[in-house]
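Student: Before we discuss this model, I would like each label attached to it to be justified. Could you take me through the reasoning, term by term?

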Amino acid sequence: MKPIAQQNVTFDLAAIRARLRSSDGPRYWRSLEEVARTREFTEFLHREFPERASEWIDGLSRRHFLKLMGASLALAGLASCTRQPAEKIVPYIRQPEELLSGQPLFFATAMTLGGYATGLLVESHNGHPTKIEGNPEHPMSLGATNAFHQASLLDLYDPDRSQAVLHQGQISNWEAFLSALNDSLQTQERRKGVGLRILTETGTSPTLHAQIGGVLKKFPEARWHQYEPINCDNVHGGAQIAFGQIVAPQYRFDRARVVVALDSDFMFAHPAALRYARDFMNARRVTAGRSEMNRLYAVEPVPTVTGSNADHRLPLRMSEVTNFAIALGAELGVGRGSATNFTGVSDQRFLSAVAADLKTHRGQSIIIAGETQPPFVHALVHAMNQALGNTGTTIHYTASAESNAGNQVQSLRDLVDELKQGRVEVLLILGGNPAFNAPADFAFAEHLKGARLAIHLSSDRNETSALCHWHIPQNHYLESWSDARSYDGTASIVQPLILPLYAGRSAHELLDALLQSHPRTDYDIVRTFWQSQQRWNDFERGWRRTLHDGLVAETAFPIRQVELSLDQITRAAPRSAIGHLPSAIELSFRPDPTIWDGRFADNGWLQELPKPITKLTWDNAALIGPATAQKRAVSNGDFVELEASGRRLRVPVWITPGMADDCVTVHLGYGRTRIGRVGRRAGFDAFILRSADSFWSGLVTLNKASGRYQFATTQGHMVIDSAEREVYRAGTLADFLAHPEFVKESTRTPSAHETLFNPEAQLFDSPRWAMSIDLTTCIGCNACVLACQSENNIPVVGKAQVARGREMHWLRVDSYFSGELDRPGMNHQPVPCMHCETAPCELVCPVGATLHDHEGLNLQVYNRCVGTRYCSNNCPYKVRRFNFLQYADYHTPSLKPMRNPNVTVRWRGVMEKCTYCVQRISVARITAKNENRPIRDGEVLTACQQVCPTEAIIFGDLSDPNSRIAKLKKHPLDFSMLAELNTRPRTTYLAKLRNPNPALENVA
Amino acid sequence: MSSSRPTSTSGAPLGYPTELIRSDSTYESVTDTIGAIVLTKKHPRSWLVGFTIGFALLMLFLVAVAWLLLKGVGIWGINIPVAWGFAIVNFVWWIGIGHAGTFISAILLLLHQKWRTSINRFTEAMTLFAVACAAMFPLLHLGRPWLFFWLIPYPDTMGLWPQFRSPLVWDVFAVSTYFTVSLIFWYIGLLPDLATLRDRARTRGKQFWYGTLALGWRGSAKHWQRHQMAYLLLAGLATPLVLSVHSVVSFDFAVAILPGWHSAIFPPYFVAGAIFSGFAMVLNLIIPVRKIYHLEGVITPRHLNNAATVMLATGLIVAYGYLMEAFMAWYSGDIFEQFMMVNRTFGPYGWVFWALMLFNVLVPQALWSRRVRTDTILLFLVALSVNLGMWLERFVIVITSLHRDFVPSSWGMYVPTFWDWATFAGTIGLFLTLLFLFIRFLPMIAISEVRELVAEHKEVKA
């Protein structure tokens, strides 16, 4: 297509705003150009879309695609060149206990992220882990997981993982390393370890803590440093100010009626996010005959998962959030700021409404500050919660689960200082990637060279490995023993499911090498530690019980009584509101919602996962609001240069409605340079701009730079939705209570008799499978998308293919904006196959490759599919996905054991789509038949349902009137997407309910 | 061929060109003029140039198909939601072009339109080649093209049959039947001419090949009588096919629920569009050929005038179709239909729609003028515009409808790739190659039928 010529851009945001305000404007919208409908603005905002791309499939992009396929998806040049050795297939002579071929086993283990553990149950087929689920017994999982947990499976099988011990970049071995280490250690032992330094990430492992304790005992002058780029320094600092000690606030969202999130993404990026999301949404659901909902206010600079679910969301820069906190404190009579420091009419109104709401819900509210806010905000929030009587009811305090909680930035600064002075002789870096993610002003990578012997334990050969003398491959958590605590203190044993795939070691084994000349295995180390704890009278019984349950019973921390020191808080608070130069731009850093701090950058599943709200894949961007974009005359894909203290970053812009004005957010973790094939050349490195002083935010100058960049989004493509399109339904709690049938009455559902066929005919037997998705409780966290990908062997296609509109996710999370341009509401809608009873796709398939089974499932027969794609054209929901090229990797050996053996790996040229996890239904059907009983309600969990933190997805048998699904379908909020087409979808939705504050109704 | 009405040569009403054949033509001159092109005359340089271009494009086609089979349909620009792209656009376009031949041969034969005689052979050949080009696309566009035969009902060991409710299965029948009948019709018409060539050939090779193909035609009265009967019967068979093929092709769209496709007007509107584009292609081919091979005596201005008139008439039907689509979108009150129309006209592909309006509706209005209808250059340009316009029409129907349908989150854009264009250009190459070979080796005008015209001419004179 002829690209629309770039012209002088004139902006007409005023027109957009007017249109959104006017009653005939669209109620849901996604793309600014659609709302604007002016030609100039169309062109202004339009340039990111695929029609602008140079779309010739040229050699370069093809090569790039192949390269991407290499690591997490396809291409195994080497493997395909070597002939596989002849193997004999023989049955087990001694059948391993409990192992029945074809029957999966589940093992309890735990994964840590940011140091904090989440209990997992991992499915294992013939000895190789294939799927990760949450452990329902674990208090921080309750059966749910997030996208990171799901994707960690791919990390295990990543062909680009580090596979061998490296010495100065050359392949070496563990024994050679040990002898080299011992030489240095002997010197250190004589000198009491004065030159020995250990750098770890945030740790909660009791065993590791004990081991480091042992090392420090043997080498009294040695030091232990901790650093992780996404840390809780501010939370710790706040507790230190408020209580004089580091404690962890434990929130009870199930008890709170009013929640105020001050830049806190507690439903997604908090160590206890899974639990908190569940608790919060349980207090929000009105489906179970409840008529009450909690209310969430969010004040934040950039739309987060939590903010997108708020009843009222106020976009403010991070410094303004701080001001807001001070002003809120003043309203509540805490701190010494005054509310008048805080200006702005509508903001003032927001502030008073929040304060009033909080005051009427004393003891039933929560104010929570994010880890990005400075310590005194946390301290102030503790004081406000105390003043509101929340402490002890909705919040209590316990010890922190971190082994060595403190200030990590300071800890790293100390280490860098010592490196500078050349005092570090042996530096042991256990995990992490400080050369990439340390604050830029530390110049860690440069000073790392000052260490005489630097050893890096890491699962991939990253930027830090390249600078260390020794690199030891680290075992994945699914192939090594360890232990860890979760946010509430509950300890779990990390249990491996498979022998190490490569010559890796765990941190425990490496530390043991410092203590003993013949290091023990990690199993012995962990087991011996727990034996020494003397928790159980019969150790063997207790140990087995613990491994089976996935957690050490009764290890959650007891409530700690703490004394609030108002004096300290007052002293820490700034005298006046933080000012803002109108010319300056405030840059804020965030962990990336898909690759976190960069550790998952080589994970294709996460790279291709569309980020919540922006729906970007494979990239980060400088996120700015429409007003700022207008002021700076930049549009999507334009490069800008951000400069802070002489450090510059050239990064393209992505306009995000809901961003605060005069601020820009860049997600961390992209722009990795030493990485496997997947993460190479993805995104832009925001760590370049991050310094210890501007750890979460800082002032930068923003200048338009030359050049344009093409993003790959899965949904940005000019999306608009008007209320007449019966796609998304929402209302307020008040509406619903006053008029419960409001959804049904505004839906044009054709009568069952509008058919040429006998409407009374019973088309389907029992069971009749169906799904219900609650739009109120869906938080848009993406866990379901990845669970589906993992369960159903869905391939990764790479950025170029996503840009072409060929992503393969069977389940997508659509997101729509509603309301005003600068303060939009945000709405998420997971869309799997609707399994229509009168499915349009089936009618048009010439070979009958898609058809219904007797249970009402819309099936896709891959073997029969010839790939006309007519079914997709005729699908009004566009949930079908096509293998335009050979996307699935048939060759890479390490990926083969990862696949779900019960799901076909699809080949090029066939259509695929959500099957309602038909393989899980089959398992349940076979089990039920063997036991001569019907399938129980809740026995079949689809992958998306099982993973959902908020239980927004319910699946079951419609023909059983007592099933949960049958009851949900009768709920007045139940609606079908595009009901008027008479496709009779089996997947239906419960309309979204908001609970706005009447005092603010027309503000947000 | 029996004809009850003499062909008029004088008293032209309103000064329209009426001559079907130059008045001084004789049996000998007709046979010589047409037969010599194949047998004796040296072919002009323009033939070589044209053939070379066509053949080069054909080679490009082979490369494109090889790459396609190697990599998959992902080499094209298609995606979700636009799962059908150039392949289907081209399919419908070619099959539309393939309508003029049979329309001219069969329907006009049954309607005793004598003017068809000079151009029917050529247009039948054009039909065959166009349908051959068209038929390749539905096969190539399959995700797994080597399994195309699953669309054909055959006793499969698994007891599987095609899904007969799908219009794609109807397509298989419609297109294959049409191709078969067109081929037989064309070949039967060729028989007497092949015999003429056999008799006039001077070399052993030509005598052998034309003799074999002539199936022992001796020109006996019995031969003629049976030939005429078969020809007439086949014309009767082919006539409904002209209407059915494109109706069935239109079902590919009309049966779907997609706004922009789901429309009851599609069958007649598609048939009219097909004849429209078919005649345009006939004119685009015949005007240069007539000039190069000096066939003005056989293909007279009257032929051009009549073809142009048919084009104008069908063009108006097509324009009515466009109007009705827009009207029904509004009148239905269906928001999706209404949005489709707005998006079609003012969406990202709006310029395609307006180009279509220009080429297909506005430009053909020039045909109201007799001067345009008889001026070969102007007529050639109008026909070109219609061919382009009809291709754009299929683009609008297929791609603009698909790219934004019901759920806005799934909207997308379609951008053709190099391989999309290569495949399209490649089929043009195949078409041209076959056509130039046809001109080189077979009589492009039905000698026997033109001689019949001469006979009638003489009778009238006498």
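The exchange below takes up burial, strand pairing, helix span, overall dimensions and the contact between chains.

Tutor: Please keep in mind throughout that this is a predicted model.

Student: What makes E320(A) buried?

Tutor: A residue is called buried if 20 or more other C-beta atoms lie within 10 Å of its own. E320(A) has 26 other C-beta atoms within 10 Å, and therefore counts as buried. Its place is in helix α12 of chain A, residues 318-331, and its C-alpha lies 8.8 Å from that of P301(A), with the two positions 19 residues apart in sequence numbering.

Student: How do you know that β31(A) and β32(A) pair, and in which sense?

Tutor: Pairing requires at least two bridges between two strands. Strand β31 (residues 812-819) of chain A and β32(A) are joined by eight bridges in the antiparallel sense, with R812(A) standing opposite V831(A). The two strands form a hairpin, with four residues between them.

Student: Why is β32(A) described as mostly covered?

Tutor: In this strand, residues 824-831 of chain A, eight of the eight residues are buried. Burial applies to both faces: P824(A), M826(A), H828(A) and P830(A) point one way, G825(A), N827(A), Q829(A) and V831(A) point the other way, and all are buried.

Student: Which strands stand at the edges of the open sheet of seven strands in chain A, and why are they called edges?

Tutor: The order is β6-β5-β17-β16-β15-β7-β8, with mixed pairing. β6 (170-171) and β8 (223-226) of chain A each have a single partner strand, so one side of each is left without a neighbour in the sheet. Within the sheet, β15 (residues 426-430) and β16 (residues 453-458) of chain A pair in the parallel sense over five bridges, and I429(A) has H456(A) of β16(A) as its bridge partner.

Student: How do you know that the span of α4(B) is close to what is expected of a helix?

Tutor: The expected span is 1.5 Å times one less than the number of residues. Helix α4 (residues 99-110) of chain B has 12 residues and reaches 16 Å from its first C-alpha to its last, close to the expected 16 Å. As for its surroundings, 10 of its 12 residues are buried, among them F103(B), I104(B) and L108(B), and what covers the buried residues includes α3, α5, α6, α8 and α9 of chain B. The helix is followed by H112(B), whose phi is positive, near 55°.

Student: What makes the radius of gyration of chain B agree with that of a compact globule?

Tutor: For 462 residues a compact globule would have a radius near 23 Å, and chain B has 23 Å, so the two agree. The C-alpha trace spans about 75 × 60 × 40 Å along its principal axes, and 52% of the residues of chain B count as buried. Chain B has 16 helices and zero strands.

Student: What is the composition of the side of chain A that touches chain B?

Tutor: The contact takes 52 residues from chain A and 46 residues from chain B. On the side of chain A, the residues divide into 26 nonpolar, 12 polar and 14 charged, and the elements that give two or more residues to that side are β28 (720-721), α28 (840-844), α29 (870-873) and β35 (881-882) of chain A.

How values were computed: Residues numbered from 1 in each chain as written. Chains lettered and ligands numbered in written order. Predicted model: local features only at pLDDT ≥ 70, side-chain atom pairs only at ≥ 80, totals over all residues. Contact = placed C-beta atoms within 7 Å. Nonpolar A, V, L, I, M, F, W, Y, C, P; charged D, E, K, R; others polar. Rg over C-alpha atoms; globule rule 2.2 N^0.38 Å.
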